[in-house]
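Hi everyone, thanks for making time for this. Please open the sequence and the 3D view side by side, and we'll walk through them together.

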Amino acid sequence: MSTETFKVRVNGGAMFSSPSYKKSLKSFNKAKINNAGSKVEFIKEETLAVHQPVSQSA
């Protein structure tokens, strides 16, 4: 199982983060228009679920 997070960054600074692709894409498009000439990035991060064994004491 994994969790996806979409991030929009302007000039390397985090601006928007959401698990929703559509919301992030809208935010990315707005950021491109509002920050013309700046570096605007659309990043997909995928986090894999890590299973932690439960330690039991007898």
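Let's begin with one pair of residues: T3 has T47 in strand 3 as its bridge partner. When I say strand or helix, I mean DSSP runs, numbered from the N terminus, with helices being H or I of at least four residues and strands being E of at least two. Two strands count as paired if DSSP finds at least two bridges between them.

A word on where this comes from: this is a predicted model, so local features need pLDDT of at least 70, side-chain atom pairs count only at pLDDT 80 or more, and totals for chains, interfaces and linings use all residues. Residues are numbered from 1 along each chain as its sequence is written, and side-chain values use heavy atoms, with hydrogens and water left out.

Back to the strands. Strand 1, residues 2-10, runs antiparallel to strand 3, residues 40-48, and nine bridges join them. Another pair to find there is F6 with K44 in strand 3. Strand 1 also pairs with strand 2, residues 13-18, again antiparallel, through five bridges. On that side, V8 has F16 in strand 2 as its bridge partner.

Now zoom in on the turn. Strands 1 and 2 make a hairpin with two residues between them. N11 sits in that loop, and its phi is near 55°, a positive value in a residue other than glycine. For background, most residues other than glycine have a negative phi. N11 is also exposed, at 53% relative accessible area. With a 1.4 Å probe and protein chains only, exposed means over 50%, buried means under 20%, and partly exposed is in between.

Zoom out again. In what order do the three strands sit in the sheet? The order is 2-1-3, in an open sheet with antiparallel pairing. Strands 2 and 3 are at the edges with a single partner strand each, so one side of each has no neighbour in the sheet. On average, neighbouring strands are turned by 30° against each other, direction ignored. Helix 1, residues 21-34, packs on this sheet and touches strand 1, strand 2 and strand 3; its direction makes about 155° with that of strand 3. Those angles run from 0 to 180 degrees between N-to-C directions, using lines fitted to C-alpha atoms, for helices over the stretch in contact.

What makes up the largest nonpolar core? It has five residues: V8, V10, F28, A31 and V40. Strand 1 and helix 1 each supply at least two of them. A nonpolar core here is a set of buried Ala, Val, Leu, Ile, Met, Phe, Trp, Tyr and Cys residues joined through side-chain atoms within 4.5 Å. Try clicking on A31: apart from neighbours within four places in sequence, A31 is in contact with V8, V10, M15 and V40, where contact means heavy atoms within 4.5 Å.

Two serines to finish. S18, in strand 2, is buried at 8% relative accessible area. Beyond residues up to four places away in sequence, S18 touches T5, F6, K23 and S24. S27, in helix 1, is buried too, at 12%, and touches V8 and F16, with residues up to four places away not counted.
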